[in-house]
Amino acid sequence: MNYRTRKMIMPRDLNGAHHLFGGRALAWIDEECAVFAACQLKSSNLVTKFISSIDFKAPGCVGDIVEIGCRLVKFGRTSITVACTIRNKTTKEEIVAVQSIVFVLLDEHGRPKEHGITEETVDIIEETVDG
């Protein structure tokens with residue numbers, strides 16, 4: 001799992017029990033996986049087709065820094081399947097896990113389009129240091 005994005009849980013992210021709202025977590029997961037899928041397919045013209053069961057494992061609280069990680073599960077003919085986890089950055093405890101999110105690549109008419117990709121692209125993040 002590659003953890004690329006970090007977020008701080010804010011009061012606006014909470015549910016009535018004062019923990020991370022499931023809808024907010026799912027929005028973060030869908031966005032993170034869509035970006036991962038777009039980088040793999042070299043196109044952002046894709047849609048979320050399916051999200052498997054969602055396992056809420058632990059609460060997230062105000063002030064917690066969380067990391068969102070993705071990994072490739074498989075490529076289909078017109079699709080890509082990704083897994084995703086949100087975890088507490090400090091404790092590494094998983095907060096939410098989704099085993100399967102399927103995205104479909106679309107053509108200019110909104111129909112599924114074959115992508116021809118069979119191997120994962122290593123996404124290297126370049127860092128610059130001011131010196």
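These are my notebook entries on a predicted model, taken in the order in which I looked things up.

**Entry 1, the sheet pairings.** I began with the strands and traced E1 (2–8) to its partner E4 (65–75), finding that the two run antiparallel and are joined by six bridges. Within this pairing I noted Tyr-3, whose bridge partner in E4 is Gly-69. I then followed Gly-69 across to E5, where its bridge partner is Thr-85. E4 and E5 are also antiparallel, with nine bridges between them, and the connection from E4 to E5 is a hairpin of three residues.

**Entry 2, the nonpolar core.** Which elements give two or more residues to the largest nonpolar core? I first recorded that this core has 27 residues, and that Trp-28, Ile-29, Cys-33, Leu-41, Ile-80, Ile-86 and Phe-103 are those with the most contacts inside it. The elements I was after are helix H1 (22–41) and the strands E4 (65–75), E5 (79–88) and E6 (94–105). H1 gives the most, with eight residues. As background, I wrote down that nonpolar side chains tend to be buried together in soluble globular proteins.

**Entry 3, around Phe-103.** I picked Phe-103 from the core residues with the most contacts and listed what it touches, leaving out residues up to four places away in sequence. Among its contacts are Asp-30, Cys-33, Ala-34 and Ala-37, and the list also includes Leu-46, Val-47, Thr-48 and Lys-49. Thr-78, Ser-79 and Ile-80 are touched by Phe-103 as well.

**Entry 4, positive phi angles.** I next checked the backbone for residues that have a positive phi although they are not glycines, and made a note of His-18, at about 70°, and of Lys-92, at about 65°. His-18 lies in the loop between strand E1 and H1, and I entered this residue as exposed because its relative accessible area is 58%, the cut-off for exposed being over 50%. Lys-92 belongs to the loop between E5 and E6, and its relative accessibility of 41% means that I count Lys-92 as partly exposed.

**Entry 5, a patch on the surface.** Which residues make the nonpolar surface patch of about 240 Å²? I found Ile-51, Ile-54 and Phe-56. I looked further at Phe-56, which sits in strand E3 (residues 54–56) and is partly exposed, with a relative accessible area of 46%. That value satisfies the requirement of over 30% for residues that make up a patch.

Conventions: Residues are numbered from 1 along each chain as its sequence is written. This is a predicted model: local features need pLDDT of at least 70, side-chain atom pairs count only at pLDDT 80 or more; totals for chains, interfaces and linings use all residues. Side-chain values use heavy atoms; hydrogens and water are left out. A nonpolar core is a set of buried Ala, Val, Leu, Ile, Met, Phe, Trp, Tyr and Cys residues joined through side-chain atoms within 4.5 Å. Buried means under 20% relative accessible area, exposed over 50%, partly exposed in between (1.4 Å probe, protein chains only). Contact means heavy atoms within 4.5 Å. Patches are made of residues with over 30% relative accessible area and no salt bridge: like charges are joined within 9 Å, nonpolar side chains (Val, Leu, Ile, Met, Phe, Trp, Tyr) within 5 Å. Accessible areas come from the Shrake-Rupley method with a 1.4 Å probe; for residues, only the protein chains shown count as cover. A salt bridge is a side-chain nitrogen of Lys or Arg within 4 Å of a carboxyl oxygen of Asp or Glu. Two strands pair if DSSP finds at least two bridges between them.
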